[in-house]
Amino acid sequence: MFKKTIAAVGAGVAAVALLAGCTAGAGSEGTDASGDVTLTFLTFETPNLDAAYWDETIERTNAIVPGVKIERLVAPNNDRDAYARQLDSTGELPDIMVAVNPTGLAEAGKLAEFSEDELENWIDPTSNSFDGTIYQLPTNTQTIPNMYYSKAAFEKAGVAEVPQTWDELLAASEKVKAAGITPIVVNGGGADTWANIYALDGLIGTEVYAKNPDFLAQLASGDTDFSDPDFVTAVTKFKELIDKGYVSPTTLSKTYAEGQEAFLAGDGAMYPMGSWFSVAPDEAAQEDLGVFAWPSDDGSLIMPTYTGGGLSVSSSAPDVDKAKEWALAWSQVQENNAGGVLNDGLFVALKDFTVPEGTTKLYDESLALYNDAVENGTVVTVFGNEGGIPSLPSGFNAEVNAAITDLVNGQTDVDGFIDQLNQKYTELTQ
Amino acid sequence: MARRRAGEEWTVSISSTTRVAPTRERDEHRATPRSNGVIRRGLRRWQEAGTFAVFVLPSLAVFTAIVFVPIVWTLAIGFTDERATRPETSFIGFDNFVFLLTNPSFLQALGNTLLITAIVVIFTNALGLAIALMLHKSGWLYNLLRSVFFTPVILSAVIVSVIWRSILVDDGLLNTTLRSIGVTDPPGWLSDPAIAIYSLSSIMVWQMLGFAVVVYLAGLAGIPTELEEAASIDGAGPLARFRAITWPLLAPSLTITTVMLMISSFKVYDQVAVLTNGGPGSGSTATIAFEVIQTAFVEQRTGMASAMAGIMLIIVAAANLIVLRVLQRREVTH
Amino acid sequence: MHRFTWIRPILAVVVAGFFFLPLYIAIVNVFKPSSEVIASPLALPLQPTLDNIIGVATRPDGLFWSGLANSIQLTGVSMVITTLLAAMCAHYLVRSEKAWGRVLLGIMLLGLMIPPAVIMVPITRILREIGLMATVPGAILVNVGYYLPFAVFVFMGFVRSIPRDLEEAAWVDGAGKFRTFWQIVFPLLRPASASVLIFLGVWIWNDFLTPLLVLGPGAGNTVTVGIYRSIGTYLRDYGAVFAFMFLATIPVLIFYLLFQKHFVRGLTGGATKG
């Protein structure tokens with residue numbers, strides 16, 4: 001019996017091993033018989049940016065740049081930054097990557113440089129660059145956060161006007177809370193601790209970056225630390241939202257997906273979130289939602305904005321020039337970017353680009369808000385999203401996320417929060 | 001005699017790391033005369049070397065290349081300030097270790113790891129034994145139930161974590177049920193920093209329980225029924241019988257489950273990553289393995305991460321050594 | 001005492017029922033549409049659907065099937081090689097009775113106690129040196145090296161419980177040590193082999209990190225990596241995730257059922273024989 005079992009299992013394994021021999025272990029280096037160079041391309045998949053979307057963008061690009069064979073890789077989870085770094089530490093950094101933070105990789109010489117000449121078509125070629133050296137194509141703009149709100153919740157609570165100032169935000173939150181609705185939705189449960197930062201991001205935009213655009217540079221040079229009065233004010237105001245019950249531990253424990261679903265189902269009035277959210281609600285929900293900028297003290301329009309997030313190329317790609325050519329081409333195909341607009345809510349930061357038909361109502365409103373900020377308001381960077389120089393050290397965001405959860409759960413106070421950030425920052429930069 | 005035998009075989013099988021095989025038997029076999037003359041001795045030495053080369057060398061070579069060298073390598077990196085993002089690296093002696101042993105978040109991770117290990121070892125053993133006693137009967141029902149308890153063992157930690165997360169989240173199955181029976185404010189099993197680590201440990205106990213059940217069932221099957229019957233006739237109650245006979249004879253089972261559970265719980269990572277990401281908040285469920293991976297791959301501080309791994313290795317080795325010694329002494333006494 | 005015999009089966013069934021509940025949730029939800037999974041996770045699938053399973057099995061990217069083929073290959077070859085090498089090594093160490101054998105085992109067991117992630121970077125550097133990085137043989141080598149100590153540990157315990165006379169006799173008859181081992185000893189190690197195979201099978205099948213890093217991003221992934229990918233952060237489709245898990249678990253389950261009879265005895269070093 002035992003021998004038979006062993007034999008059967010053995011035979012099965014052998015058969016499958018033979019079959020699988022051709023699927024696994026395919027080499028990823030160099031050129032093949034036809035002279036095409038094979039390049040790996042690290043992507044990520046979401047319900048909107050699915051396999052078909054990526055494959056189509058690759059096909060379109062290959063039509064423009066001949067002689068390239070693309071092997072598409074998929075990050076196994078949402079944390080593609082960590083995955084890219086794991087691959088790098090094992091010597092397997094992909095040749096081309098999308099939306100991987102270049103910090104660290106760039107300083108270590110792992111990424112290929114782009115010149116400003118090559119980026120003629122880009123609106124802000126040196127955004128998030130390393131003192132002018134470009135390692136990641138700044139193809140997309142995102143505003144982080146916008147305040148998305150439920151019109152039904154505002155109506156039910158008797159909030160007639162969208163809050164423009166900090167005091168109006170507090171007043172509106174009070175009414176919403178009195179109506180039995182969570183005023184400001186902050187999520188970050190389970191593995192999604194990264195998602196809890198957006199309310200604080202809004203406050204750091206209005207309280208820190210709007211007043212002192214050089215805060216991060218000063219932090220990097222050691223001229224200031226997180227006990228900077230502006231930063232303390234931002235955290236204190238966040239604490240005020242918690243103390244008054246506008247940001248609650250209950251919603252905090254939801255994951256990003258659970259939280260978004262709950263907000264769309266009517267649980268919560270205001271949802272501070274990046275502009276990518278604008279394409280998530282279905283058509284019916286779009287009608288019920290609106291958007292405004294995170295309110296500043298005096299009501300002036302301040303918009304935290306991140307421009308970057310595009311492709312980068314490994315300096316050890318089998319053919320770096322070809323890989324760069326391909327990456328530049330991929331980034332400029334109208335349909336590729338249109339897909340990013342429709343599926344991921346991206347604002348495309350190219351001179352030669354037309355917004356496609358069929359964008360959602362919230363997308364249009366978010367984009368209008370951004371354009372308004374560019375013309376009439378103040379555009380600032382997004383805390384924790386900065387790439388290049390200056391930026392926060394790799395891994396620092398996780399500490400901020402942990403500290404936020406502690407603050408919301410009452411495990412720490414403003415002073416403890418500031419101390420924790422200072423300590424971690426010293427640890428990571430010393 | 002029967003009692004002695006069951007115990008002895010267990011002892012031999014499990015404590016092979018530290019104890020010499022029964023000497024009497026060995027000497028008997030040695031006595032066989034086989035060699036005389038220099039040539040034959042030389043030939044034998046060649047054969048001996050050949051046997052070693054065939055039987056041990058392949059294992060040794062693979063182990064050395066894949067585990068031993070990397071461990072030594074890792075330990076060595078722990079004495080440097082290596083960072084993946086910086087080309088130059090220098091030797092900094094014990095700085096990393098000094099930093100870690102005074103760093104609250106590392107000490108918290110250390111404490112969490114020890115707490116999880118303690119909970120998993122104690123509760124898995126206790127519940128596993130209780131269930132094994134309950135299932136120690138023949139019949140299809142008990143065979144079926146044994147498989148039920150064993151099934152989680154073969155699932156991946158990711159699967160188990162996803163299933164349990166759907167039960168334990170704030171508005172998950174458990175709290176919905178609790179609310180429906182009138183509990184107004186059920187605890188946040190995964191969202192309360194004071195509770196999350198116990199939820200995490202309980203999930204691990206659930207997953208590994210079947211392993212303990214199976215090992216204890218095997219141990220129980222090795223206890224001759226005559227012993228129990230004899231004690232029963234002597235008037236010993238069930239509890240007295242358990243204390244005097246069953247429990248001492250299960251000592252080897254306890255050793256094997258404890259060592260295996262320690263091995264699995266010291267390096268717990270997957271459950272933490274899926275269920276809590278080290279939170280809620282600052283490190284309330286972070287384990288050493290979690291910290292090591294975070295430090296190495298996210299913060300890209302390989303020197304510091306290697307020092308963490310070094311400390312972890314020392315603690316794990318010490319704990320296992322102590323536990324093995326204590327448990328095996330018990331086996332010997334009985 | 002005998003009057004209460006009905007208590008045991010009832011107690012056993014109740015306890016097992018509670019224990020089984022999470023598994024029940026996972027299984028019934030495979031056969032329900034995702035909307036029902038969230039609305040009423042406990043309910044029986046009144047109108048069972050195979051849509052989730054079909055959906056996973058017919059994914060356009062073939063994630064499940066390519067993963068399955070890779071997993072079977074990787075797990076099968078790794079565990080067979082490990083079992084054979086470990087059996088020989090353990091047999092030699094026990095029979096030669098050298099003091100360094102125990103020291104060696106002690107060192108080997110230490111390797112089992114650290115998370116593989118910790119030593120993965122040096123491992124990948126070594127694999128690169130010997131040209132096996134990002135290959136299936138490289139991943140197999142890592143599995144063999146990492147799990148060998150456990151297998152040796154189990155086999156050593158078992159070999160001690162086998163009387164020496166049999167192999168001595170064959171030896172005297174002129175059969176070489178190698179032949180003696182394969183013809184006489186290895187068949188006797190059957191229960192130990194079964195438990196080693198089961199544990200290795202389960203561990204390697206469920207391993208996420210080794211395939212992810214050693215096979216490299218381009219080499220095709222295993223089913224377990226596929227589960228990670230289908231969970232993602234944008235998890236909404238619970239039905240599909242549970243279906244993926246269900247399908248990914250079936251091979252291990254079958255494997256366990258095939259070997260379970262032998263496996264308990266192997267772990268316990270033959271103690272249950274008498």
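Helices (H or I, at least four residues) and strands (E, at least two) are DSSP runs, numbered from the N terminus. This is a predicted model, in which local features need pLDDT of at least 70 and side-chain atom pairs count only at pLDDT 80 or more, while totals for chains, interfaces and linings use all residues. Residues are numbered from 1 along each chain as its sequence is written, and chains are lettered from A, with ligands numbered from 1, in the order in which they are written.

**Exercise 1. Find the cis peptide bonds and the positive phi angles listed here, and place each in its chain.**

Step 1. As background, most residues other than glycine have a negative phi, and most peptide bonds are trans.

Step 2. In chain A, I144 and P145 are joined by a cis peptide bond with omega at about 0°, and A:P145 sits in the loop between β4 (140-143) and β5 (146-150) of chain A. In chain B, a cis peptide bond with omega of about 0° links B:G279 to B:P280, the latter lying in the loop between α14 (270-275) and α15 (288-298) of chain B.

Step 3. A:D131, which is not a glycine, has a positive phi of about 50° and belongs to the loop between β3 and β4 of chain A. C:A134, also a residue other than glycine, has a phi near 60° and is found in the loop between α6 (120-129) and α7 (136-160) of chain C.

Step 4. For burial, the number of other C-beta atoms, placed from the backbone, within 10 Å of a residue's own is counted: 20 or more means buried, 12 or fewer exposed, and in between partly exposed. A:D131 has 8 such neighbours and so counts as exposed, whereas C:A134 is buried because 25 other C-beta atoms lie within 10 Å.

**Exercise 2. Describe the open sheet of chain A that has 4 strands, and say which strands stand at its edges and why one side of each is free.**

Step 1. Two strands pair if DSSP finds at least two bridges between them; on this basis the sheet has the order β2-β1-β3-β9 in chain A, with mixed pairing.

Step 2. At the edges stand β2 (68-74) and β9 (311-313) of chain A, and because each has a single partner strand, one side of each is left without a neighbour in the sheet. From one strand to the next the twist averages 25°.

Step 3. Strand β3 (residues 96-98) of chain A runs antiparallel to β9(A), to which 3 bridges join it; one bridge pairs A:M97 with A:S312 in β9(A).

Step 4. Helix α12 (residues 320-332) of chain A packs on the sheet and touches β1 (37-43), β2, β3 and β9 of chain A, where contact means C-beta atoms, placed from the backbone, within 7 Å. The direction of this helix makes about 175° with that of β9(A), angles running from 0 to 180 degrees between N-to-C directions of axes, which are lines fitted to C-alpha atoms, for helices over the stretch in contact.

**Exercise 3. Judge how far chain C can be read in detail.**

Step 1. pLDDT is the predictor's confidence in each residue, from 0 to 100; chain C averages 80, and 88% of the residues score at least 70.

Step 2. Among the elements of chain C, helix α4 (residues 63-96) has the highest mean pLDDT (90) and helix α2 (residues 34-39) the lowest (70).

Step 3. Over residues 270-274 of chain C pLDDT stays under 50, and where pLDDT is low, the predicted coordinates should not be read in detail.

Notes:
Contact = placed C-beta atoms within 7 Å.
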